[in-house]
Amino acid sequence: MDITTKLQLADGYQMPQQGLGLYKVTDQDNLTEVVKTAWDTGYRLFDTAQMYQNEAEVGNALQELGVSREDYFVTTKVAESNQGYDATLASVEQSLKDLQMDYVDLLMVHWPLHEQFFDTWRAFERLQAEGLVKSLGTSNFGMIHLQYLATQANEMPVVNQIENHPHLVQPELRDFLRENNIVTQAWAPLGRGSVLEEPVIVEIAKKYHKSPAQVVLRWHLANGTSIIPKSVHPQRVIENGDIYDFSLTIDEIIAIDQLNNFTRISQEPEQVYERGGQYPHH
Ligand SMILES: NC(=O)c1ccc[n+]([C@@H]2O[C@H](COP(=O)([O-])OP(=O)(O)OC[C@H]3O[C@@H](n4cnc5c(N)ncnc54)[C@H](OP(=O)(O)O)[C@@H]3O)[C@@H](O)[C@H]2O)c1
């Protein structure tokens, strides 16, 4: 296993297990720098979203690499305001223009919303049939949303990107996803930095001469989870990729599991679903 390791998706495609998260990376020079550093380190997956307002900058950074399109994997996500059949189709057309691409590898519904729930997905299936999107995914979907989706979907998502870190372990949802051939991808895999001072993690890091961030990322890999840590610092992008020369014991994995305290960085998906949007935050 190394940074180029790929996970098999249920639709026949493969996805790199590790990628670079790009939320809040908007400055073109910085974005170009971290994408180049990530590429040189071996990352092949880049995670953006309409909501991040950086698809054009991500497209520029990837163009600058000067490599073949099929050598990297791009995920984007349809924002809440673009849900619905026609709006989804139009917004993805715009995303592709901004990204300067003919297709994205993975398109996600960013958050489940009760309104237009099935219409949005119908647009996803059409985009896939037209070849504009290779794989279909969801983000922030709970079991209930996936079960509901299954009542009308022709194609089920092959990846569900969820908030997942040692303070929000979600073993039941991860098991459900595995049983249904849906890959779990962790957003905020580092808990946005909030888990890095946990004494349990600091101790394990000392033992392996690794950083707390590297230990947390290794814990995700032990669970078979896909990870997309974000950093605006090239050195940290390199550090976060340097996690393939050690592994955790079962006891260490369990000790990190036990740090779970149900703390969320973002909204509870069911509330977003009911309210009809992630924003405004309360
Ligand atoms: N689907 C969704 O709803 C959703 C929501 C949120 C995020 N995401 C995706 O998931 C990606 C990752 O999540 P995230 O950005 O929220 O959080 P994260 O990756 O868990 O953490 C990023 C934070 O940790 C810091 N950091 C990174 N590497 C570090 C290291 N080695 N040592 C110490 N600190 C480090 C970063 O600071 P610096 O940048 O200053 O280094 C940043 O503050 C996002 O970028 C985005 O692509 C998706």
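**Exercise 1. Find the enclosed space in this predicted model and describe its lining: how many cavities of 30 Å³ or more are there, and what surrounds the largest cavity?**

*Solution.* Start with the count: there is 1 cavity of 30 Å³ or more. Next comes its size, and the largest cavity has a volume of about 60 Å³.

Now look at the walls. The largest cavity is lined by Gln83, Val109, Trp111, Pro112, Leu113, Phe117, Thr120, Trp121, Phe141 and Leu149. Sort these residues by class and you get 8 nonpolar, 2 polar and no charged residues. Finally, ask which element gives the largest share of the lining: helix α4 (residues 117-129) does, with 3 residues.

**Exercise 2. Work out where the ligand sits and which residues surround it.**

*Solution.* Begin with the site: the ligand takes up the space of the largest pocket. Then collect its neighbours, counting a residue if one of its heavy atoms lies within 4 Å. The shell holds 29 residues, and the closest are Asp47, Ser139, Arg192, Ser231 and Arg236. By class, the shell has 13 nonpolar, 10 polar and 6 charged residues. Helix α9 (residues 234-241) gives the most to this shell, with 3 residues.

**Exercise 3. Trace side-chain contacts of the ligand with Tyr52, Lys230 and Asn240, then say how much of the ligand is buried.**

*Solution.* Take one side chain at a time:

- Tyr52: a side-chain N or O atom lies 3.2 Å from a nitrogen atom of the ligand.
- Lys230: a side-chain N or O atom is 2.9 Å from an oxygen atom of the ligand.
- Asn240: a side-chain N or O atom is 2.9 Å from a ligand nitrogen atom.

To finish, turn to surface area: the ligand alone exposes 900 Å², and the protein buries 89% of that.

Definitions and conventions
Residues numbered from 1 in each chain as written. Predicted model: local features only at pLDDT ≥ 70, side-chain atom pairs only at ≥ 80, totals over all residues. Heavy atoms only, no water. 1 Å grid on protein atoms, 1.4 Å probe; cavity = no way out; pocket = protein on both sides within 12 Å on 5 of 7 lines; lining within 4 Å. Points joined across faces, edges and corners; volume = space filled by probe spheres on them. Helix = DSSP H or I, 4+ residues; strand = E, 2+ residues; numbered from the N terminus. Nonpolar A, V, L, I, M, F, W, Y, C, P; charged D, E, K, R; others polar. Polar contact = N/O pair within 3.5 Å; in protein donor to acceptor, adjacent residues only side chain to side chain. Areas by Shrake-Rupley, 256 points an atom, 1.4 Å probe, with all protein chains shown as cover. Sits in = over half its atoms within 2 Å of the grid points.
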